[in-house]
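Student: Could we go through this model together, setting each label against its definition? I would like to see how the conclusions are reached.

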Amino acid sequence: MTIEPKQHAVDTETHPADKASKWEIPLESDQWILSHNALRCEINSMIQALGTFIGRIDDDNVPQWAVNTIKEWWTSHVAHATDHCKSEETVYKPMFGERFKWPAEIDELHDALDRIKDKVQTAIDRLNADKSSLVAVRDALSTYEETMLKHFEVEEKTALPLMRAYFTPEEISPVQRKILEDAPENAMGALIFSMSPDGAKFRSDFMTVRSIPSFVWYLAFKGRLASYKKDVVAKVEAIESGKEPAKKSGWF
């Protein structure tokens, strides 16, 4: 899919598509794609974990802790995914629409994703000790992932290059920073984790190219990565291993 920026112009004289050369950060390292990668990683990891777990258990033998863990993970994921889509709809779309025509296919896929998300919610709500209910969740998540990936692909091949053609990095940087600042706590942790679980690649790539001082890692990012691992990754690992997550006790 190749897109010609000029064909999507709102007003070529006022806002020409001449900004692409000003972007030094590679397209694949754009925050928009990195946010997509975080969601890709998050959903696929649970699908893989469910496949392993399903192969390990007998019929009518899904433990209650697993049911609870999957539901808690889904609640966190929905908050993450919903916020991401909301940012595209309420921040990117109106801003970009002043300079280029927002691709209609993105909205169509957003709607399709919402419908499929509702079907996943139904499967999650029906989850019980019956193994077939777990298979239904895994299958619903797989369909959801398929639509999500198609949605991401369209954005990355249309809206993203259009953004870079019609806006300078200086115009977009504060907008993307605000999106991350306003996102749920685990959204930032997910982005860091998807780059590398220890945060090293985030520090060397994301922070360095954006001239973020190293001390900000300790102030703003390290804790979010730790929270994400505890609140989200640990649940996936529990399903993958078949071992109930450790319960909190005492004051800690």
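Tutor: Before we begin, note that this is a predicted model, in which local features need pLDDT of at least 70 and side-chain atom pairs count only at pLDDT 80 or more, while totals for chains, interfaces and linings use all residues. Residues are numbered from 1 along each chain as its sequence is written, and side-chain values use heavy atoms, with hydrogens and water left out.

Student: In which helix is Leu109 found?

Tutor: Leu109 belongs to helix α3, residues 104-125, where helices are DSSP runs (H or I, at least four residues) numbered from the N terminus.

Student: Why is Leu109 called buried or exposed?

Tutor: Buried means under 20% relative accessible area, exposed over 50%, and partly exposed in between, with a 1.4 Å probe and protein chains only. Leu109 has a relative accessible area of 9%, and therefore it is buried.

Student: Which residues does Leu109 contact, leaving aside its neighbours within four places in sequence?

Tutor: With contact taken as heavy atoms within 4.5 Å, Leu109 is in contact with Thr147, Lys150, His151 and Val154.

Student: What makes helix α5 count as mostly covered?

Tutor: Helix α5 spans residues 159-166, and seven of its eight residues are buried, among them Leu160, Leu162, Met163 and Tyr166. The buried residues of α5 pack against α1, α2, α3, α4 (131-157) and α6 (169-182).

Student: Why does Ser196 get its label, buried or exposed?

Tutor: Ser196 lies in the loop between α7 (185-195) and α8 (200-209), yet its relative accessible area is 13%, so Ser196 is buried. Not counting residues up to four places away in sequence, Ser196 touches Lys201 and Phe202.

Student: How do you know whether Arg126 is buried or exposed?

Tutor: Arg126 is in the loop between α3 and α4, and because its relative accessibility is 61%, Arg126 counts as exposed. The C-alpha atoms of Arg126 and Ala136, ten residues apart in sequence, are 9.1 Å apart in space.

Student: Which residues form the negative surface patch, and why is Asp60 labelled buried or exposed?

Tutor: The patch is formed by Asp58, Asp59, Asp60 and Asp130. Patches are made of residues with over 30% relative accessible area and no salt bridge, like charges being joined within 9 Å and nonpolar side chains (Val, Leu, Ile, Met, Phe, Trp, Tyr) within 5 Å; a salt bridge is a side-chain nitrogen of Lys or Arg within 4 Å of a carboxyl oxygen of Asp or Glu. Asp60 sits in the loop between α1 (31-56) and α2 (64-96), and because its relative accessibility is 54%, Asp60 counts as exposed.

Terms used: Accessible areas come from the Shrake-Rupley method with a 1.4 Å probe; for residues, only the protein chains shown count as cover. Lys and Arg count as positive and Asp and Glu as negative; His and the chain ends are not counted. The place of a charge is taken as NZ of Lys, CZ of Arg, CG of Asp or CD of Glu. Helices (H or I, at least four residues) and strands (E, at least two) are DSSP runs, numbered from the N terminus.
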